[in-house]
Amino acid sequence: MTTETPKISHSKAYWALQGFGWGIYFILNQIIFLSILDFKQSALLNFFLVAVGFSLSHLFRSLIHHQNWKSLSIGKLVLKVVIASAVIGLIWALITIPFNLYILDGGEVDTVETSKSAGFSTILSILLMTINYAITIFGWSLIYFSYHFFSQYKQTEVEKWKLEAAVKDAELMALKAQINPHFIFNSLNNIRSLIVEDAEKARDMITHLSDLLRYAIHFSNQETVTLRRELEVVKNYLDLESIQFEERMNYSIDADEDCMDVKIPPMVIQLLVENAVKHSLALIKAGGEIHINAKRLDGEMVVEVKNTGQLKTSVNGAGIGLKNATERLQILFGKRSNLSVKNSSDNNVTAKFTVPLNV
């Protein structure tokens, strides 16, 4: 049983932190200004100073998004932030100095007089204010990127936890349904009957069963497997079932060689194939066919499992398995991956899922 915690969007969190942070900055500045200026002057200067800083920091955030700084290495990111802080600090100083002079001189715009007011117009004043504002922007950047990296780390941990939980559920499902005692006993009985008729084939079937059991028991330690490995296990499963079905089941596997090393969640194709056997072919007196196909198409790998039969509205056990498989695909690949099962014709069911190749 899981509980959902309310989620705050990054945009809302940004504006909340932006308002809170600059509000604290305003209060601290006001305390300092009141020690040297009257309330009216300090409030006007401080308000203008914070308004400019707020605006410049927001424009800086837009630049960060536009140039995708969040994907940079730490070294490159620090260098860019230092340079950007210095440039923004200078712009901030050049904007605020004229306003400061105007307020401190009581609204009188006199070049001679303003040049005498507290050295604001000197190069030294510009330099000192630039350094001060650059440090402020650098501190803002430190908080901004720290929040981003923490959120990213937290999201990664959540996704990892969800994937582990889904894999564990899939393992339990495999042990209870896919590799259940009934299947094992049937396979062993079929193999026993083969020992006298075809000892070599019986040995092959024992190898298939052993590999299938090992894969089902140990796959929980892996988040992904290659398509090649998954298809090997699927072939083992179908070879074992073919003993039971005899001529009533035919299958084919057609996968492009350049798809073989693509990573997928374990037991996904196995689940689709087993559903095809249990909920379609096993219910048809004449049996049927299963065709597995994997190919590249428009930057994706498309996997299809097509079988004889018709999809029913309610299939015991299949819904849970398909839901689990869909969840594992979406945890790994996001919304770019999907799984669907539908009647593709009057006598065929097609299960299909995609895996993006540029991840």
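Ten helices and seven strands make up the protein in this predicted model. Of its 359 residues, 40% count as buried. The protein exposes about 20,900 Å², with carbon and sulfur atoms supplying 61% of that area. Contacts between residues at least 6 apart in sequence were also sorted by separation, and 74% of them join residues at least 24 apart.

Next, the nonpolar interior. The largest nonpolar core holds 46 residues, and those with the most contacts inside it are Leu-227, Leu-238, Ile-269, Val-273, Ile-290, Ile-292 and Phe-353. Helix H8, which runs over residues 227–245, gives this core its largest share, at nine residues. Ile-290 is a handy spot from which to look around. Setting aside neighbours within four places in sequence, Ile-290 touches Leu-238, Val-273, Ala-276, Val-277, Leu-281 and Val-305, among others. Its contacts also include Met-249, Asn-250, Tyr-251 and Ser-252, as well as Lys-306 and Asn-307. A second core, separate from this one, has 28 residues, including Phe-60, Ala-84, Trp-92 and Ile-137.

Over to the N-terminal end and helix H1. This helix covers residues 10–34, 25 residues in total, and spans 36 Å from its first C-alpha to its last, close to the 36 Å expected at 1.5 Å a residue. Its buried residues are Ala-13, Tyr-14, Gln-18, Trp-22, Tyr-25, Asn-29, Gln-30 and Phe-33. An α-helix has 3.6 residues a turn, so residues three or four places apart point the same way. One of the buried H1 residues, Tyr-14, has a charged partner: Arg-61 lies over the face of the Tyr-14 ring, at 3.8 Å from the ring centre.

That leaves the aromatic rings. The count comes to twelve aromatic pairs. In one of them, Tyr-25 and Trp-92 have ring centres 6.3 Å apart and planes at 40 degrees; the pair is tilted because that angle is neither under 30 degrees nor over 60. Tyr-25 sits in helix H1 and Trp-92 in helix H3 (residues 74–104), so the pair ties together parts that lie 67 residues apart in sequence. Both Tyr-25 and Trp-92 are buried, and Trp-92 belongs to the second core as well. Elsewhere, one aromatic cluster is formed by Phe-60, Trp-69, Trp-140, Tyr-144, Phe-145 and Phe-149. Phe-60 from this cluster also turns up in the second core.

How values were computed. Residues numbered from 1 in each chain as written. Predicted model: local features only at pLDDT ≥ 70, side-chain atom pairs only at ≥ 80, totals over all residues. Heavy atoms only, no water. Core = buried A, V, L, I, M, F, W, Y, C linked by side-chain atoms within 4.5 Å. Buried < 20%, exposed > 50% of the residue type's maximum accessible area, 1.4 Å probe, protein only. Helix = DSSP H or I, 4+ residues; strand = E, 2+ residues; numbered from the N terminus. Contact = heavy atoms within 4.5 Å. Expected span 1.5 Å × (residues − 1). Phe/Tyr/Trp six-rings, centres within 6.5 Å; stacked < 30°, edge-to-face > 60°. Lys NZ or Arg CZ within 6 Å of the ring centre and 35° of its normal. Areas by Shrake-Rupley, 256 points an atom, 1.4 Å probe, with all protein chains shown as cover.
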